[in-house]
Amino acid sequence: MLTTTISGSLPKPSWLAEPEKLWPAWQLSGEQLEEGKRDAAYIWIKEQEAAGIDIVSEGEQFRVHFVHGFLEHIQGIDWQKKTKMGIRDNRYVVDVPTVTAPIKRPGSIHSAEAAFARGVTDRQLKFTLPGPMTICDTIADGHYGSRADMAMAFAEVLNEEIRELEAAGVDVIQFDEPAFNVFMNDVKNWGIEALHRAIDGVNCKIAVHICYGYGIQANIDWKTSLGNEWRQYEEIFPALNDSRIDQVSLECANSKVPLSLLGLLKDKDVLVGVIDVAKQTAEPPEEVAGHIRAAMEFVDPERLQPCTNCGLAPLPRDVASAKLRALGAGTDIVRRELGSV
Ligand code: ZN
């Protein structure tokens, strides 16, 4: 019970990429870069093990960004043709690449990375991928004509990729869908359907991570506009509870999400964010334990996975390490209270 995990990304060491950036430039090139990525992934997997994290990830050390790390390998995208787009419902305006032809996956994208991670740990292994709706909110459509149609096309190529990741020994595939908290009607109309298409014929556990974004200024500003109670999850959790997704990962630490909303996910594993990614210091283990106890009022410990609110990528490396240890230590406190250790 209280299986610990993280929502995905971890900071890249400063010898590998620029620190504390969401779009860092690599500091190495060629074979040295590939070796550096593997070394960084190895370090983070061992740090997670030492911190008591049960389901570990390679920390997204092999990719610059959680969406573009996948998209840069997909054909049909014109990276020179930039379109100005207000992503996450105009929270930030970015020049994004444009889909100009039917998309196609020319070959394996992440399976060698997953195989490397599988080879260095006996723990359960999680691998994260961008969800179809979030992809479509990060790239412009110059071909398909509707977001739903483009999402289904991405779901097809994600499905090809996931089958290979499963064969490489991945235990949990997690889709990152921060857009689910923004386009709630689309989630019900086609967002979950796109996830179902992406997991067709796949047997490993499937998670969807839905948060209020990395702890960057644009997101912090957006959160102040959401009022005293953040009820976005309330609109989509009933549909997610009815879906074929196994696990839902959400943000709880220092957020204004009413914890009673967790009760809407009664048939799912719930990955409860108990580590705040916007705070630059690690929380004391007792504070983490407090978040877990509060969530246990609505989720029994067999289904509750203490987790981070979101990725830790933009944080200083030592802070991220300390937060991993806080997650493990805080969970241990509650396990002891439950008499399960
Ligand atoms: Zn997140």
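In which sense do strand β3 and β5 pair, and over how many bridges? I started my notebook here, with the reminder that this is a predicted model. I found that β3 (residues 92-104) pairs with β5 in the parallel sense, over 2 bridges. For a concrete pair I looked up V99, whose bridge partner in β5 is D141.

**The sheet around β3**

Next I stepped back to the sheet. I see 3 strands in an open sheet, ordered β2-β3-β5, and the pairing is mixed. I noted β2 (75-86) and β5 (140-141) as the edge strands, each pairing on one side only. I also checked what lies on this sheet: α6 packs on it and touches β3 and β5. I wrote down about 65 degrees between the direction of α6 and that of β3.

**α6 and its helix neighbour**

I then followed α6 to another partner. I recorded that α6 (residues 147-167) packs with α7 (residues 184-198) at an angle of about 25 degrees, with the axes 7 Å apart. Angles under 35 degrees count as roughly parallel, so I call α6 roughly parallel to α7. I have the crossing of the two helices down as right-handed.

Who makes the contact on each side? From α6 I listed A148, A151, M152, A155, E156, L158, N159 and I162. From α7 I listed W190, A194, R197 and A198. Sorting the contact by class, I got 9 nonpolar, 1 polar and 2 charged residues.

**β9 and the strands beside it**

I moved on to β9 (residues 269-275). Is this strand mostly covered or mostly open? I found it mostly covered, with 7 of its 7 residues buried. I looked for its partners too. Strand β8 (residues 247-251) runs parallel to β9 and is joined to it by 5 bridges; in that pairing I picked out S249, whose partner in β9 is L271. Strand β10 (residues 304-308) also runs parallel to β9, again with 5 bridges. There I noted G273, which has C307 as its bridge partner in β10.

**A stop at L240**

My last lookup was L240, which sits in helix α9 (residues 232-241). Is L240 buried or exposed? I count L240 as buried because it has 23 C-beta neighbours inside 10 Å, and the cut-off for buried is 20 or more. Leaving out residues up to four places away in sequence, I see L240 touching I192, I245, V248 and L265. Here I recognised V248 as falling within β8 (residues 247-251). For a long-range reference, I noted that L240 and S29 are 211 residues apart in sequence and 42 Å apart in space, C-alpha to C-alpha.

How values were computed: Residues numbered from 1 in each chain as written. Predicted model: local features only at pLDDT ≥ 70, side-chain atom pairs only at ≥ 80, totals over all residues. Axes fitted to C-alpha atoms, helices over the stretch in contact; angles between N-to-C directions. Helix = DSSP H or I, 4+ residues; strand = E, 2+ residues; numbered from the N terminus. Parallel < 35°, antiparallel > 145°, perpendicular 65-115°, else oblique. Left-handed = near helix turned anticlockwise from the far one by under 90°. Contact = placed C-beta atoms within 7 Å. Nonpolar A, V, L, I, M, F, W, Y, C, P; charged D, E, K, R; others polar. Buried ≥ 20, exposed ≤ 12 C-beta atoms within 10 Å, placed from the backbone. Pairing = 2+ DSSP bridges.
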